[in-house]
Amino acid sequence: MLANSSSKQGADKDDETPPPPHQVYLNGDQIYTCSGCHTHLAKNDDIISKGFQGRHGRAYLFKAVHNISLGPKEDRVLMTGLHSVADINCIVCQSVVGWIYIYAFEDSQKYKEGKYIVEKAKISKENFWVQRM
């Protein structure tokens, strides 16, 4: 007769913690990071404009942002009109760092589609930046 064992033979799938998200490490000397957890988000070279306004003050328009997840798509009336956007969250700490423009309803705003707004208050500069001559 076999004795019952109180220990689990296999791990229960629902009890497993998910693996940490895969992060992209950005190379370069001018990198923006999440101000909450310092995950690399964007390169200074990917800034299109620093003349934008976010929910918490100044914001930058980027052509590429990394290590993010997208929130649900929603239509928002912003300073430049109606846009379909989705919040972008840091994949490590889940902090909302800005949004992505999915669709611009006005022709003059189409250049923003597929671009990212990142709020200056939500990012930090990685280490010390060397001034370019």
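Author: Before we start, a strand here is a DSSP run of at least two E residues, with numbers counted from the N terminus. With that in hand, Gln94 can be placed in the loop between strand S6 (81–90) and strand S7 (96–104). Please keep in mind that this is a predicted model.

Reader: Thanks! What is the phi of Gln94, and why is Gln94 called partly exposed?

Author: Gln94 has a positive phi of about 65°, although it is not a glycine. As for exposure, buried means under 20% relative accessible area and exposed means over 50%. Gln94 has 45% relative accessibility, which lies between those limits, so it counts as partly exposed.

Reader: And what makes Asn67 count as buried?

Author: The relative accessibility of Asn67 is 7%, which is under 20%, so this residue is buried. Asn67 lies in the loop between strand S4 (57–62) and strand S5 (68–78). Its phi is also positive, about 60°, and it is not a glycine either.

Reader: Which residue is in contact with both Asn67 and Gln94?

Author: Asn89 is in contact with them. Leaving aside neighbours within four places in sequence, its contacts also include Ile68, Ser69, Leu70 and Val96. Asn89 lies in strand S6. With 12% relative accessibility, under the 20% limit, Asn89 is therefore buried.

Reader: How do you know that S1 and S2 are paired?

Author: Two strands pair if DSSP finds at least two bridges between them. Strand S1 (residues 31–34) and S2 share 3 bridges, so they pass, and the sense is antiparallel. Thr33 stands opposite His40 in S2. The hairpin of S1 and S2 has 5 residues between the strands, and there His38 takes a positive phi near 70°.

Reader: What else does S1 pair with, and what makes S2 an edge strand?

Author: S1 also pairs with S9, over 3 bridges and antiparallel, and Thr33 stands opposite Ser124 in S9. The 3 strands form an open sheet in the order S2-S1-S9. Strand S2 (40–43) and strand S9 (123–125) are the edges, as each pairs on one side only. From one strand to the next, the twist averages 35°.

Reader: How do you know that S3 and S4 pair?

Author: Strand S3 (residues 47–54) and S4 are joined by 5 bridges where at least two are needed, so they pair, running antiparallel. Ile47 stands opposite Phe62 in S4, and a hairpin of 2 residues joins S3 to S4.

Reader: Let's turn to the rings. Why is the pair of Tyr32 and Tyr60 called edge-to-face?

Author: Ring centres must lie within 6.5 Å, and planes over 60 degrees apart count as edge-to-face. The centres of Tyr32 and Tyr60 are 5.8 Å apart and their planes meet at 65°, so both conditions hold. Tyr32 is in strand S1 and Tyr60 in strand S4, 28 residues apart. Both are buried.

Reader: What makes Tyr103 and Phe105 edge-to-face?

Author: Their centres are 4.8 Å apart and their planes lie at 85°, over the 60 degree limit, so the label fits. Tyr103, at 36% relative accessibility, is partly exposed, and so is Phe105, at 38%.

Reader: What makes Lys50 count as lying over the face of Tyr60?

Author: One condition is that NZ of Lys is within 6 Å of the ring centre, and the other is that it is within 35 degrees of the ring normal. Lys50 lies over the face of Tyr60, at 5.4 Å from the ring centre. Tyr60 also belongs to an aromatic cluster with Tyr32 and Phe62.

Definitions and conventions: Residues are numbered from 1 along each chain as its sequence is written. This is a predicted model: local features need pLDDT of at least 70, side-chain atom pairs count only at pLDDT 80 or more; totals for chains, interfaces and linings use all residues. Side-chain values use heavy atoms; hydrogens and water are left out. Helices (H or I, at least four residues) and strands (E, at least two) are DSSP runs, numbered from the N terminus. Buried means under 20% relative accessible area, exposed over 50%, partly exposed in between (1.4 Å probe, protein chains only). Axes are lines fitted to C-alpha atoms, for helices over the stretch in contact, and angles run from 0 to 180 degrees between N-to-C directions. Contact means heavy atoms within 4.5 Å. Rings of Phe, Tyr and Trp (its six-membered ring) pair if their centres lie within 6.5 Å; planes under 30 degrees apart count as stacked, over 60 as edge-to-face and the rest as tilted.
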